[in-house]
Amino acid sequence: MIKEDFFIDYSRCIGCEACVQACGECDTHRGVSMIHLETIERRDSVQTAPQICMHCEDPICAQVCPADAIKKTPDGVVQSSLKPRCIGCSNCVMSCPFGVPKYQIDIDQMMKCDMCYDRTSVDKKPMCATVCPSGALTFTTMQEIQRTRQGVPVNEWKFGAEVVHTKVYVMVPPEVARVDIGLIQIQTTAAALPSDPYDVALMLEN
Amino acid sequence: MNRGNRMNNIDKREFARARGSDTARATTWGLLATVALIGGIFIGSRGLRDFDPALVSYAGATLFAAFGLAYRFSMWLRRPPTRLYWYRGWQIFTTPGNLGKNVAHLFQIFMSNFVFQRFIERRSHMRWTAHWFLAWGCLLAGAITFPLSFGWIHFETAKSSQEIYRAFLFGIPVGHFPVHSVIAELAFNALDIAAVMVLIGVFTALWRRGRDHGAMAVQQFADDLMPLILLFAICVTGLFLTASTHLMHGLHYAFLSQLHAITVIVTLVYLPFGKFFHIFQRPAQLGVDFYKRAGKEGEQALCIRCGSEYASRMQMDDLKQVQAALHIHYQLENGSHYQDVCPKCRRKNLALTQDSMWKALQVKGEGS
């Protein structure tokens, strides 16, 4: 079996939302899309970015879970919370460094991207990567990604003093070995601008 | 620092001591629960006068289960997030002035979450059907068998008439009924009714697990199928006893009763360690409900990036405490804390960080 990995390249996203639609087709969370698609600054830019679960080696969401409801499979995939255990506290939602878990208020349970476990556990590609037309989400071999991309895949992140290793790789410029996260504030955030009740961009963003 | 490095930096002997003290504490709670139950059996059965020796194996397995449950519950409460929620839940619930309102709300969510299990119904009707029958079938069976095997309840034929059956609770007569009556039929067959309820749940659950592709992808034999197999075994062997009595003139009754006892004992031993532990863990959901209500009514946390409200200030402050206890270091270099960034801004920030790295490379290229 050829080992394939997940690679995310935010800069390639064109905001088509194919991933959002395809995600809801996954059997493990049928009808509910788990992927996030962010518009970075809708007033000034068309930039968008997808966010899937990065499947941390030592998931912080699982560490802060009071019900011990978040488990990782032997192949390194962090699953949605266990239904019998999850008590809906949202600690995982608030602690995930990548902002991934979603609290489903109607069923009082946290759900998240599980890398389409019904598919990847039988050597199929995740839904989002299957439909992504721009290669922002790619599920392929390490050799193939290195052959076809300018950047290099990295799976080490630093949030403050916290270093996180993930199963999913992000594409970064060559010679970058780790993604150090600082807080990047761009000029025109919702809070910085005067409120405008007819601001369609802001309405869409919220 | 990742977890491995962190562990290198922590005094390992201190960690081992903490772990050891957790185990000692949990063992103490386990022993206390066992002793308390032995005391309860002794007192409740009036010095074992009402204790039925034929049921001693059930009582013994229950004592083991009591030890295991108290042990595991104590270990579970030692986890920093669990411990904090446990204290906060009680603190909020018992706040003077709010106690009456909280008791009323507790009754409301108890009915919704426990009695009717509405949150499971919203997940799927089939899941709800399976769970509701399993839960109430097991609770009905437990409500009968535990007090019976402890000698807390027992039945006797009235001295005045063979046609009258008398019920005793802790040795105190609590009622009587004719042997040939609807009440008698219900009382004598309550465990059969419970078994049928559980079997409806087991078959519905197996049907769902055999057809739902999502469930099939993530289910595990030990966690998801084993409990159903155990419940099935208990119900079927229990119903065999009724069949043996009423349909086969007691054929193989002694063997069947031993077989039934074995299935129950194995399940009781499994109780603290497998999926059934959620029965004891799940009430934490009620505490979280109070926590969330208090959080909504209190101060809200504002994201340091976008300025919008995204969670309760209480939860964010508590999470920082939990993270400190878990050696998760989210303090940023500029003195701010990553916990104060809302999840939406975290996601945006990741894409912008990648951008900035490519831009830095571009600037470097232009400069050289």
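**Exercise 1. Determine how helices H11 and H12 of chain B pack against each other.**

Step 1. Locate the helices. In this predicted model, H11(B) covers residues 221-247 and H12(B) covers residues 253-270. Helices here are DSSP runs of H or I with at least four residues, strands are E runs of at least two, and both are numbered from the N terminus.

Step 2. Take the axes. They come within 9 Å and cross at roughly 155 degrees. Each axis is a line fitted to C-alpha atoms over the stretch in contact, and angles run from 0 to 180 degrees between N-to-C directions.

Step 3. Classify the angle. Angles over 145 degrees count as roughly antiparallel. H11(B) and H12(B) are therefore roughly antiparallel to each other.

Step 4. Assign the hand. H11(B) passes H12(B) in a left-handed crossing, with the near helix turned anticlockwise from the far one by less than a right angle.

Step 5. List the contacts (C-beta atoms, placed from the backbone, within 7 Å). H11(B) contributes residues including B:Leu230, B:Ile234 and B:Phe240. Among their counterparts in H12(B) are B:Leu256, B:His260 and B:Val264. The residues of this contact comprise eleven nonpolar, eight polar and no charged. Nonpolar means Ala, Val, Leu, Ile, Met, Phe, Trp, Tyr, Cys and Pro; charged means Asp, Glu, Lys and Arg; the others, Gly among them, are polar.

**Exercise 2. Describe how the two domains of chain B meet.**

Step 1. Set the bounds. Domain 1 is 3-289 and domain 2 is 299-367; such bounds come from an automatic or database domain assignment.

Step 2. Gauge the separation. The C-alpha centres lie 44 Å apart.

Step 3. Count the contact. Six residues come from domain 1 of chain B and six from domain 2 of chain B. On the domain 1 side, helix H4 (residues 80-93) gives the largest share, four residues. That side has four nonpolar, no polar and two charged residues.

**Exercise 3. Break down the side of chain B that touches chain A.**

Step 1. Count. The contact takes 57 residues from chain B and 57 residues from chain A.

Step 2. Find the contributors. Elements of chain B giving two or more residues include H4, H10 (213-218) and H14 (284-297). H16(B) supplies the largest share, 16 residues.

Step 3. Sort by class. The chain B side divides into 27 nonpolar, 18 polar and twelve charged residues.

**Conventions.** Residues are numbered from 1 along each chain as its sequence is written, while chains are lettered from A and ligands numbered from 1 in the order in which they are written. In this predicted model, local features need pLDDT of at least 70, side-chain atom pairs count only at pLDDT 80 or more, and totals for chains, interfaces and linings use all residues.

Terms used
Angles under 35 degrees count as roughly parallel, over 145 as roughly antiparallel, 65 to 115 as roughly perpendicular and the rest as oblique. Two residues are in contact if their C-beta atoms, placed from the backbone, lie within 7 Å.
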